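Please read the report below alongside the sequence and the model. It follows the chain through a group of neighbouring elements and then turns to a pocket and to some details of the backbone.

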Amino acid sequence: MRIEEANPFAYEFELKSTALVLIDMQRDFIEPGGFGETLGNDVSLLEAIVPATKAALAAWRQAGGLVVHTREAHKADLSDCPPAKRNRSNPTLRIGDEGPMGRILVAGEPGNQIIDALAPVEGELVIDKPGKGMFYATGLHELLQQRGITHLLFGGVTTEVCVQTSMREANDRGYDGLLLEDCTESYFPAFKAATLDMIRAQGAIVGWTAPSAALLAALNHTA
Ligand code: TIU
């Protein structure tokens, strides 16, 4: 398959060796009362990408491609949350504190779940990650290698934090990554724009970007 409209040049991939990775589409980042809002962000901005992300996920599932969901999540005892992360800044609630959707950024709490519209289904990988990047302390690289995955299509939040970190980690591990432009969002629109630019600069120094419509067209073309 080929996404001709990808930037900075066409992106080629095979369905069987490509995974769609949705980063941290959790209530903690997208809904009021979660981690994102405790940091002082306007979380309403992120909701806008849900319809396009849902459509991309549906098309990818229909095509039979592997789906990976990540969640930024800490153990209940916070043993995987470095004090530097918990103590940073001056949030209204810190990681592990009780909030309106349960304990902030703690695995298993209501706020830590992926939003209903994008809920994982059987057979999809769900990765809890204690860091911003999806490979740090998760074992995901081995899971992808076992499945012969070499190419990664990315969506999720936030663009310049967990998505960009994960794409850079993937790049260093030899994956060809493409970020779906309308399936990712930041609390800071300027940071999203800058991230898209820096990913595809210097001849795809980190990877590619493309609108999700181009992926849907590529999938339909071969269906
Ligand atoms: N704060 C912020 O923009 N993001 C995060 O803390 N985590 C993710 O990006 N998932």
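## Strands, crossovers and a pocket

Thr158 lies in the loop between E8 and H6, where helices (H or I, at least four residues) and strands (E, at least two) are DSSP runs, numbered from the N terminus. The peptide bond that leads from Val157 into Thr158 is cis, with omega near -15 degrees. The model is a predicted one, in which local features need pLDDT of at least 70 and side-chain atom pairs count only at pLDDT 80 or more, whereas totals for chains, interfaces and linings use all residues. Residues are numbered from 1 along each chain as its sequence is written, and side-chain values use heavy atoms, with hydrogens and water left out.

Strand E8 is mostly covered, since seven of its seven residues are buried; here buried means under 20% relative accessible area, exposed over 50%, and partly exposed in between (1.4 Å probe, protein chains only). In a regular strand the side chains alternate between the two faces of the sheet. In E8, His151, Leu153, Gly155 and Val157 point one way, while Leu152, Phe154 and Gly156 point the other way, and all are buried.

Strand E8 (residues 151-157) pairs with E9 in the parallel sense over six bridges, two strands being paired if DSSP finds at least two bridges between them. Strand E3 (residues 18-23) is also joined to E8 by six bridges, and these two run parallel. Three bridges link E9 to strand E10 (residues 208-210), again in parallel. Some of the individual partners are set out in the table.

| Residue | Bridge partner |
|---|---|
| Ile23 | Gly156 in E8 |
| Gly156 | Thr184 in E9 |
| Phe154 | Leu179 in E9 |
| Leu180 | Ala210 in E10 |

Strand E9 (residues 176-185) is largely enclosed by the rest of the structure, because eight of its 10 residues are buried. E8, helix H6 (residues 159-172) and E9 make a right-handed β-α-β unit; a crossover is right-handed if, with the strands pointing away from the viewer, the path from the first strand over the helix to the second runs clockwise. From E9 the chain crosses through helix H7 (residues 189-204) to E10, and this β-α-β crossover is right-handed.

Helix H6 has 14 residues and reaches 18 Å from its first C-alpha to its last, close to the 20 Å expected at 1.5 Å a residue, the expected span being 1.5 Å times one less than the number of residues. For H7, with 16 residues, the same rise gives 22 Å, and the end C-alpha atoms are 21 Å apart, which agrees.

The buried residues of H6 include Thr159, Cys162, Val163 and Gln164, together with Ser166, Met167, Glu169 and Ala170. Arg168 is found in H6 and is partly exposed, with a relative accessible area of 37%. Leaving aside residues up to four places away in sequence, Arg168 touches Met198 and Val206, contact meaning heavy atoms within 4.5 Å. Helix H6 is followed by Gly174, whose phi is positive, near 95 degrees.

In H7 the buried residues are Lys192, Thr195, Leu196, Ile199 and Ala204, and what covers them includes H6, E9 and E10. Ala204 counts as buried at 13% relative accessibility, and has a positive phi of about 70 degrees although it is not a glycine.

The largest pocket holds about 410 Å³ of space. On a 1 Å grid over the protein atoms alone, a pocket is an open set of points where a 1.4 Å probe fits, with protein on both sides within 12 Å along at least five of seven lines, and lining residues have an atom within 4 Å of a point. Grid points are joined across faces, edges and corners, and a volume is the space filled by probe spheres set on the points. Of the 24 residues that line the largest pocket, Phe35, Leu39, Glu72, Lys132 and Val161 lie nearest its centre. The elements that give two or more residues to this lining are helix H2 (35-38), helix H4 (83-87) and H6.

Two further backbone details lie in loops. The peptide bond from Asn7 to Pro8 is cis, with omega near 10 degrees, and Pro8 is found in the loop between strand E1 (2-3) and strand E2 (11-12). Ala137, in the loop between strand E7 (125-129) and helix H5 (140-146), has a positive phi near 60 degrees in a residue other than glycine, and is exposed, with a relative accessible area of 56%.
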